[in-house]
Amino acid sequence: AVVSTQSRSRIGVGSTIGSQISILSMTALSIIRYRSVNSFTAPRDVSCRFWVKMSLICAVIFLASVAIAVLPLLPVMEDFFVNGLVYDQHIRLFVGSKSKSAHFSIFQEYFGRMKKKVLKWSVINELVDAMFSRD
């Protein structure tokens, strides 16, 4: 069965959220444990304030995990995160060119005069495909 790009993105987001929840929860638990060991006080009854604080900590952990997983996939953030930029093995021209400006410089040399503007990654992929034949 072939898995679509959208399905892979959803699986990746779910996996990343799970991993981040685990990491952030362990960090929070370690900090809480450290503070309780250093306080030298006996455990007391659980109050409503405690539950509010724990709920808030859980919400922050969950929201941070979702942000870490989803932000790189948003079109607005495509300049900051390069997701899956891979070309055929025989194309060595773009090795080390992970930025849009580096790609634009190569396109300018190859295609000649080009109007200087910020290109989307989808347009960059189309230009790369146009540069190399599939024979």
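## A walk through a helical protein

The side chain of Ser65 has a polar atom that sits 3.2 Å from the backbone nitrogen of Ile21. Keep in mind as you read that this is a predicted model. Ser65 itself belongs to helix α2, and with a relative accessibility of 0% Ser65 is buried. The cut-off for that word is under 20% relative accessible area, so Ser65, at 0%, counts as buried.

Now step back to the whole chain. The protein has 4 helices and 0 strands, and along the sequence the pattern reads α-α-α-α. Of its 135 residues, 17% count as buried.

Helix α2, which covers residues 48-70, is also home to Arg49. Is Arg49 buried or exposed? Arg49 is exposed, with a relative accessible area of 66%. Arg49 also has company: together with Arg35, Arg44 and Lys53, Arg49 forms a patch of positive charge on the surface.

Val70 is another residue of helix α2. Val70 is partly exposed, at 30% relative accessible area. Which residues join Val70 in a nonpolar patch on the surface? They are Leu71, Leu74, Val76, Phe80 and Phe81, and the six-membered list, Val70 included, has about 560 Å² of accessible area together.

Further along comes helix α3, made of residues 100-111, where you will find Ser105. Ser105 is partly exposed, with 42% relative accessibility. How many residues apart in sequence are Ser105 and Lys116? They are 11 residues apart, and their C-alpha atoms are 9.6 Å apart in space.

Here are the four residues again, with their accessibility side by side.

| Residue | Relative accessible area | Class |
|---|---|---|
| Ser65 | 0% | buried |
| Val70 | 30% | partly exposed |
| Ser105 | 42% | partly exposed |
| Arg49 | 66% | exposed |

The table helps you connect each residue with its surroundings. Ser65 is buried and has its side chain beside the backbone of Ile21, at 3.2 Å between the two atoms. Arg49 is exposed and takes part in the positive patch on the surface. Val70 is partly exposed and belongs to the nonpolar patch.

Definitions and conventions: Residues are numbered from 1 along each chain as its sequence is written. This is a predicted model: local features need pLDDT of at least 70, side-chain atom pairs count only at pLDDT 80 or more; totals for chains, interfaces and linings use all residues. Side-chain values use heavy atoms; hydrogens and water are left out. Patches are made of residues with over 30% relative accessible area and no salt bridge: like charges are joined within 9 Å, nonpolar side chains (Val, Leu, Ile, Met, Phe, Trp, Tyr) within 5 Å. Accessible areas come from the Shrake-Rupley method with a 1.4 Å probe; for residues, only the protein chains shown count as cover. A salt bridge is a side-chain nitrogen of Lys or Arg within 4 Å of a carboxyl oxygen of Asp or Glu. Lys and Arg count as positive and Asp and Glu as negative; His and the chain ends are not counted. The place of a charge is taken as NZ of Lys, CZ of Arg, CG of Asp or CD of Glu. Helices (H or I, at least four residues) and strands (E, at least two) are DSSP runs, numbered from the N terminus. Buried means under 20% relative accessible area, exposed over 50%, partly exposed in between (1.4 Å probe, protein chains only). A polar contact is a pair of N or O atoms within 3.5 Å; within protein, one must be able to donate a hydrogen and the other to accept it, and residues adjacent in sequence count only if both atoms are side-chain atoms.
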